Amino acid sequence: MDAETVFSKTAKGDTEVNQKPHSLPRQLAKVLKAVDGHSMISALADKVGLAIPALEKALMQLERDGYITIRQVNVEEEKFAEEESRRAQVARLKELAEQAAHRASRPVETAARKQKRIKPKREVPVGLIVTFGTVVLVVLAIVLIQIVPLGSMNAKVEKALAAWSHDDVSSSNLRVSLFPKPYLKLDQVALGKALDAKATSGKLHIDVLSMFSDKFVVNSMELNDVTISAEALPRALKWAGGEGRGSQIQIDRIVLNNVKLAVKGVALDPFDAQLQFDRNGRIVRGAAKTRDSKFSIEAYAGTTNPPSEGAIAPWVVDVAARNWTPPIGAGISFSVLSGKGIWADNQIVFPDLEAKLFEGSGKGNLKITLPTSSLANGQIMAQSEFMIERAKVDQLVSTFTRDIALSGRMEMTFAASVVSATFANLLDTPNIVGSFQVREGAMSNVDLVQAMRNPGSVGGQTKYTELGGKFSVSDSTLQLHSLKLHGGVLFADGSVGVALGKGTLSGTVMSEIRSNVTQDRAVFGLSGTVARPALKRGG
């Protein structure tokens, strides 16, 4: 759900708000009451005191039940209307000031221009003049503070943010807005001497009184159109560090909109994120969701088993995906993927992952070991055990190659491990060991029955009732062994090696025809490629 989405109440929603008692649960009723037709999701979160994921869930429920509807908001028109309103306020205040000055300086009418009877002069109360002038000055100050850049405060904010983030910070064009809630507006916010992490604009929803004290208190900081380069990523741990924070600025929450993260060799989808901090500047919760809502992750400090003295508290990590393809690997698409894990020290362990893929289902576990030195050094390791049931084997095979086609429903179990110095190359050289069974299908490019009857024949297809065996992947080679194939009168077994990337074949196949009419046995040597295999009878 877009952070700038605006909802308005339907007639059903207005009726629900006005009637008593309410028919909705307390939390949904609170969210419905806060919907006003102009507040964006981030503003609604502040009103009702909910995190963005929980608020989005409530809004989706209310929209589904017909209490609210999405209002199309033109951001440019709203900005123009806001500027026009400010200009009108300044013009009106100027007009009122001129009228007051004119009335105060108007000369006393002379007796010659009046009737013979002299009327006593009416004195204007001094208190009224002082009061009116003070009001004019205050209103002018409020308007001007929202439109005049504040250079000295800009420098003060930059210094406070630099100390908080442990990095250089620059920004421009700071302005103060007091309505509907006080916040500072910034343009071109950047981190680092090379400006390699930046946002086009930002808002700091701030405690007004703290603007004039030694320490800013920021309820929420919003950064829009964030880009983080690959060169800036190694400094991410420094940004997240909570040491030494809190002396010049306190930030309770950071909202990042439309984040583009550059990782060498990996195309990551843009995402939105939220980070929550305690009063000492330590992260206590983080959440991110891709802009297309296909993948989301949330992490928060676990409280079930408090750590021993001096140890770091473990974090709970919750992932969910729908119609999502990981940015690395062969491009396997998950219809559904979900799991909850624990992040302790440098390991993330998901004991129970559930997935739907290739029109089947899967479940397993995953352990990821991160480097301990820094993001740029050390090895990333991952281990997994997984089981897949009732998957369509043709969708699995076509993910890796179009040179051969297999059909049928597949069962598979495997254990995999990978090690890499970079995230982009993590799945390039996996080590996998497992077994599989495929039922009621066919395999293209070879006809074993025809090869027995007519040695040297190529092409065709082999149908099977069952095809199974064991497999392993290592050193860029797929090994299939203990193979068993049965289809009608055909029985076969053997072992096959495939050089991944090249597609060259090697191995031996033993086949047999068993029928009341004829029986035949043959041993074939296998060569050629996956697209064009060659069988030589006799080895």
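Which residue is the bridge partner of N224 in strand 8? In the predicted model described here, that partner is N257, and the pair belongs to an arrangement in which strand 6 (residues 216-228) and strand 8 (residues 253-261) run in the parallel sense and are joined over six bridges.

Strand 6 has further pairings along the chain. With strand 5 (residues 197-206) the pairing of strand 6 is antiparallel and extends over nine bridges, and within this pairing I206 is found opposite V218 of strand 6. With strand 7 (residues 249-251), by contrast, strand 6 pairs in the parallel sense, over three bridges, and here V218 stands opposite I251. V218 of strand 6 is thus placed opposite I206 and also opposite I251 in strand 7. As a general point, the side chains of a regular strand alternate between the two faces of the sheet.

These strands are part of a chain of 539 residues, whose secondary structure comprises ten helices and 24 strands. Of the residues in the chain, 36% are buried. Among the contacts in the chain with a separation of 6 or more, 48% are made by residues that lie 24 or more positions apart.

Two of the helices were examined as a pair. The axes of helix 2 (residues 26-34) and helix 3 (residues 41-48) come within 10 Å of one another and cross at roughly 125 degrees, which makes helix 2 oblique to helix 3. The crossing of helix 2 past helix 3 is right-handed. In the contact between them, K30, V31 and A34 are contributed by helix 2, while L44, K47 and V48 are contributed by helix 3. The residues of this contact between helix 2 and helix 3 comprise four that are nonpolar and two that are charged, with no polar residue among them.

Elsewhere in the chain, S333 is located in the loop that connects strand 12 (315-324) with strand 13 (334-344). The relative accessible area of S333 is 36%, and the residue is therefore classed as partly exposed, the range for this class lying between the limits of under 20% for buried and over 50% for exposed residues. When residues up to four places away in sequence are not counted, S333 touches W324, T325 and L357. The C-alpha atoms of S333 and T399 are separated by 9.0 Å, although the two residues are 66 residues apart along the chain.

Technical notes: Residues numbered from 1 in each chain as written. Predicted model: local features only at pLDDT ≥ 70, side-chain atom pairs only at ≥ 80, totals over all residues. Heavy atoms only, no water. Axes fitted to C-alpha atoms, helices over the stretch in contact; angles between N-to-C directions. Helix = DSSP H or I, 4+ residues; strand = E, 2+ residues; numbered from the N terminus. Parallel < 35°, antiparallel > 145°, perpendicular 65-115°, else oblique. Left-handed = near helix turned anticlockwise from the far one by under 90°. Contact = heavy atoms within 4.5 Å. Nonpolar A, V, L, I, M, F, W, Y, C, P; charged D, E, K, R; others polar. Pairing = 2+ DSSP bridges. Buried < 20%, exposed > 50% of the residue type's maximum accessible area, 1.4 Å probe, protein only.
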